[in-house]
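Student: Please pick one loop residue and take a close look at it. Start with its place in the chain and its contacts, then set it against the rest of the model.

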Amino acid sequence: MSTAPELTDLHPSTDDIAGDVLRGLASSPKRLPSKYFYDRRGSELFEAITRQPEYYLTRIELALLAERGGEIGAAVGPRAHVVEPGSGSGRKTRLLLEALEDPVAYTPIDISRSALTDSAGRLDREFGEVEVLPVLADFTRPVPLPAPSRPAASALVFFPGSTLGNFTRDESVRLLAAMRATMGEDGAALLGLDLEKDPAILEAAYNDAAGVTAEFTLNLLRRLNRDVGSDFDLAGFAHRARYVEEEGRIVTTLESLREQDVTVQGRRFHFAAGEPMQVEQSQKYTDARIAALAADAGLRVVDGWNDARDWFGLRLLRV
Ligand code: AVJ
């Protein structure tokens with residue numbers, strides 16, 4: 001196909017960054033939403049994280065998609081319409097499409113028009129036989145899927161990267177329920193989930209020796225200074241990521257290195273010396289936790305693939 005893929009615009013409400021930041025700073029303890037990490041520089045820094053020796057997640061997931069593609073393809077079935085909430089870099093999507101038997105269509109869903117056209121264009125050029133049908137929408141709500149010109153046998157929602165782990169449990173259940181509605185009765189969801197393991201391995205993954213993750217975390221403040229006009233002093237905060245064993249998750253904070261005030265749109269917020277501000281959580285999963293989460297969203301785990309060390313898993317969920 002030579003023309004750009006046709007985009008379906010469901011007119012999602014755009015992010016209220018300023019409102020989200022003001023609410024987060026007004027709450028106690030203070031917090032900032034992790035979805036704002038991913039401006040251009042933040043996305044580049046995340047890509048750099050995935051190349052750090054300590055950050056095993058991406059490498060294992062790519063290997064699972066490459067090495068277990070035959071089994072994954074057989075479990076999903078032929079002529080799937082692949083749906084991807086949040087259009088990523090495309091590496092994983094490419095491996096999935098190669099693993100599937102005669103995939104019919106690919107629908108990235110994103111609220112960013114540029115991210116959407118980028119990933120749609122890339123996939124469209126590479127997979128001539130797969131119809132690319134991007135949808136501009138908020139993927140946390142059910143999305144009516146565009147109909148491919150060749151009917152699909154079922155929809156497959158692809159949510160890799162353990163991105164689900166960045167949401168709270170309630171948000172995760174709502175997100176999975178939205179996916180359930182998007183994929184319909186015959187559909188499935190393929191999730192990539194980071195598994196519980198030795199805390200030292202987890203903490204190393206979020207505190208790489210080269211300091212890329214620290215830079216990624218601090219970039220959030222740089223981004224907010226630019227986009228909401230805050231005056232965070234990047235030298236006044238430090239990246240801290242620790243594993244909270246009782247909750248089975250990495251909690252990342254920016255810790256105020258001294259007593260200081262930050263002004264956001266005319267409102268002043270006080271930080272005590274040592275005060276932590278939560279900026280991200282990365283949930284780690286057990287099979288029991290995944291099963292309970294799926295059940296709460298009206299889904300069940302029907303298949304799964306782990307690496308030999310059980311560090312990372314793919315799970316196939318159905319209604
Ligand atoms: C984007 C969800 C895969 O939580 O592991 C990586 C983001 N943060 N290092 C994760 C992240 C710090 C990442 N995901």
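Tutor: Helices and strands here are DSSP runs, numbered from the N terminus; a helix is a run of H or I with at least four residues, and a strand is a run of E with at least two. The model is predicted. The residue to look at is R79, in the loop that joins α4 (69-76) to β2 (80-85).

Begin with the backbone. Phi of R79 is positive, about 55°, although R79 is not a glycine. Is R79 buried, exposed or partly exposed? R79 counts as partly exposed because 17 C-beta neighbours lie inside 10 Å, and a residue needs 20 or more to be buried and 12 or fewer to be exposed.

Next, the contacts. If neighbours within four places in sequence are left aside, R79 is in contact with D102, V104, A152 and A153. The C-alpha atom of P151 is 8.1 Å from that of R79, with the two positions 72 residues apart along the chain. Pairs of this kind can be set against the whole chain: among contacts with a separation of 6 or more, 73% involve residues 24 or more positions apart.

A second positive phi is worth setting beside R79. H11, in the loop between β1 (8-9) and α1, has phi near 50° and is likewise a residue other than glycine. H11 is exposed, because 8 other C-beta atoms lie within 10 Å. Another backbone detail sits in the loop between α1 (17-26) and α2 (40-49), which holds P29. The peptide bond between S28 and P29 is cis, with omega about 0°.

From the loops, turn to the interior. Of the 319 residues of the chain, 39% count as buried. The largest nonpolar core has 62 residues, and V82, V83, L96, L156, V157, F158 and A189 have the most contacts inside this core. A189 touches V157, F159, M179, M183 and L317, again leaving aside neighbours within four places in sequence. A second core, separate from that one, has 20 residues, including L25, F216, F237 and V279.

Then there is the ligand. Its surroundings consist of I49, L57, G161, S162, T163, G165, N166, Y206, T213, E280 and S282. By class, this shell has three nonpolar residues, seven polar and one charged.

Last, the chain as a whole. There are 10 helices and 14 strands. An unreviewed UniProt entry places the feature "domain: Histidine-specific methyltransferase SAM-dependent" at residues 19-318. That span is 36% helix and 26% strand, and its end C-alpha atoms lie 36 Å apart. The C-alpha atoms of the chain fill a box of roughly 60 × 40 × 35 Å along the principal axes. The radius of gyration is 20 Å, which agrees with the value near 20 Å for a compact globule of 319 residues.

Key
Residues are numbered from 1 along each chain as its sequence is written. This is a predicted model: local features need pLDDT of at least 70, side-chain atom pairs count only at pLDDT 80 or more; totals for chains, interfaces and linings use all residues. A nonpolar core is a set of buried Ala, Val, Leu, Ile, Met, Phe, Trp, Tyr and Cys residues joined through C-beta atoms within 7 Å. Two residues are in contact if their C-beta atoms, placed from the backbone, lie within 7 Å. A residue is near a molecule or strand if its C-beta atom, placed from the backbone, lies within 6 Å of it. Ala, Val, Leu, Ile, Met, Phe, Trp, Tyr, Cys and Pro count as nonpolar, Asp, Glu, Lys and Arg as charged, and the others, Gly among them, as polar. UniProt positions are given in the numbering used here, feature names are shortened, and annotations may be inferred rather than shown by experiment. The radius of gyration is taken over C-alpha atoms; the globule rule is 2.2 Å times the number of residues to the power 0.38.
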